[in-house]
There are 2 protein chains.
Amino acid sequence: MPVEIFPVKGLPEVRPGHDITAAIAHCVRTSGPQVLQHDIFVVAQKIVSKAEGRVVRLAEVTPSQRALAWAEAWSKDARVVELVLRETKRVVRMERGLIIAETHHGFVCANAGVDVSNADEGTAILLPQNPDESARALQARLSAAFECHLGVIVSDTFGRAWREGLVNVALGVAGLSPLIDYRGRTDANGRPLHATVIAIADELAAAAELVMRKSERIPVAIVRGVAVESRSGSGAELIRAAEKDLFR
Amino acid sequence: MPVEIFPVKGLPEVRPGHDITAAIAHCVRTSGPQVLQHDIFVVAQKIVSKAEGRVVRLAEVTPSQRALAWAEAWSKDARVVELVLRETKRVVRMERGLIIAETHHGFVCANAGVDVSNADEGTAILLPQNPDESARALQARLSAAFECHLGVIVSDTFGRAWREGLVNVALGVAGLSPLIDYRGRTDANGRPLHATVIAIADELAAAAELVMRKSERIPVAIVRGVAVESRSGSGAELIRAAEKDLFR
């Protein structure tokens, strides 16, 4: 059996307070595949953030001196810069007009995940306050709705060091283990595999992005047929601890 | 139609000089799916390297003083360290027993891609000399064998800054564009999308890894149903130029 990735189409525009579990379940029942045990739902952070009210009116943001200076120097919107700095626990790089920040959650990404694309005019969208909690709530409710054990990944597209382009990664994870640890197992020749831990949740998020096209409205995909440990892990496990990280 | 990812099973152990195109074609014809126009073959670097003879007998490697000192300090095999240093254009980090290196190709990865797992006892496998050339050769020959326009990605699992676990990425690419550029396109609200270039070849490699399990012998997968530009791009396009990179 191949691995299959199904786009979930037809979701309405999400607003603060919307019940996205109900909306996703409705779309899947209407036009999606039959949901099976251990299917993994990958849900774009943007609709989770919107439903959770993580939308800020820029008119209500008063930029600090630091935000004003940076915005002036690099022709940015000072209110957006202010939001980026507020979402930042630690600045990793701030140069050439780019802000690579460690967020309060520990994610390292451009602009601390603050985004004005796919947002209404005059607003910005922040990352969910706790993507693992968002994933756990979706996982419990979708599993109940479809009477299956499902996995849920809340994803966003992040840039990387050293490589061009963004890839979709897992911010929040529930209902599956985000890592597969091959250490202690042996390769095809019976030799121990070295330091091989695969970030399966990030690979699942990347795979889902193949059907979640940015410019269309497909913020959810279902990945089927991937053997994962269904112990409930978390997206936080994918964050390298600062003291182990050579690049912060 | 969902995106589908098929494992290619039954490949023999690859040795230097083996014709892997013929071996892959044979396996797919015997037990794989019917190959379709625009299918993308993701091929693990390891079998490409082996077929191209990028296998080194450690007994024939004489470590330099630098390799001996590092190996001594961190309980490593000095001959493997020597190979890592030879494959390195620039050391990005060399601390706590880890070597993060920029290879001669420009990839930034642990140990310059030198690997002793899945290698015969007493040998190490190097990355292909030119993964794009490897991909182009496979792409031309597989496309001819199946009378289709196919895409080919030569992949390897790399670690990342800031995040735990490895993910599969594209080293060599042929028959497709490795990046999708959404800049200039608009989002669902008609607003321009910002700085959104997706590394689709890396997402395809990650998706393929979902069926290419490390400890089994599945070094090839076929990804079907992803709309990519079929102009022939290269894996080199995925390497961020050193002068644009904030983390080297």
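In this predicted model, the two chains meet strand to strand: β1 of chain A and β1 of chain B, the latter spanning residues 3-8, are joined by three bridges and run antiparallel. A good place to look for this pairing is A:I5, which stands opposite B:V3 in β1(B). β1(A) also has a partner within its own chain, since it pairs in the antiparallel sense with β12(A), residues 220-224, over five bridges. Here A:F6 is the residue to find, standing opposite A:I222 in β12(A). With these partners in place, it is helpful to ask how many of the six residues of β1(A) are buried. The count is five, and the strand is thus mostly covered.

The contact between the chains can now be viewed as a whole. Chain A brings 57 residues to it and chain B brings 56. On the chain A side, the elements that each supply at least two residues are the strands β1 (3-8), β4 (88-95), β5 (98-103), β9 (167-174) and β11 (197-198), together with the helix α6 (200-209). Which of these gives the largest share of the side of chain A that touches chain B? That place belongs to α6(A), with five residues. By residue class, the side of chain A that touches chain B divides into 28 nonpolar, 10 polar and 19 charged residues.

Attention turns next to the nonpolar interior. In soluble globular proteins, nonpolar side chains tend to be buried together. The largest nonpolar core of this model holds 162 residues, and A:L204 and B:L204 are the members that touch the most others. For B:L204, the surroundings can be traced by name. Apart from neighbours within four places in sequence, B:L204 is in contact with B:I40, B:V42, B:I153, B:A170, B:V223 and B:V226.

Chain A itself is divided into two domains. Domain 1 is made of two stretches, 4-54 and 128-240, while domain 2 covers 55-125. Taken over C-alpha atoms, the centres of these two domains of chain A are separated by 26 Å. Their contact takes 12 residues from domain 1 and nine residues from domain 2. On the domain 1 side, α2 (45-51) and β8 (151-158) of chain A are the elements that give two or more residues, and α2(A) gives the most, with three. The residues of this side of domain 1 comprise five nonpolar, three polar and four charged.

Chain B offers a small piece of architecture to follow by eye. Three of its strands form an open sheet in the order β4-β5-β6, with antiparallel pairing. Why is one side of β4(B) and of β6(B) left without a neighbour in the sheet? Both β4 (88-95) and β6 (108-110) of chain B stand at the edges, and each has a single partner strand, so one side of each remains without a neighbour. From one strand to the next, the twist averages 25 degrees. Between β4(B) and β5(B), the latter being residues 98-103, the antiparallel pairing runs over six bridges. Within this pair, B:V91 has B:A101 in β5(B) as its bridge partner.

How values were computed
Residues numbered from 1 in each chain as written. Chains lettered and ligands numbered in written order. Predicted model: local features only at pLDDT ≥ 70, side-chain atom pairs only at ≥ 80, totals over all residues. Pairing = 2+ DSSP bridges. Helix = DSSP H or I, 4+ residues; strand = E, 2+ residues; numbered from the N terminus. Axes fitted to C-alpha atoms, helices over the stretch in contact; angles between N-to-C directions. Domains from an automatic or database assignment. Contact = placed C-beta atoms within 7 Å. Nonpolar A, V, L, I, M, F, W, Y, C, P; charged D, E, K, R; others polar. Core = buried A, V, L, I, M, F, W, Y, C linked by C-beta atoms within 7 Å. Buried ≥ 20, exposed ≤ 12 C-beta atoms within 10 Å, placed from the backbone.
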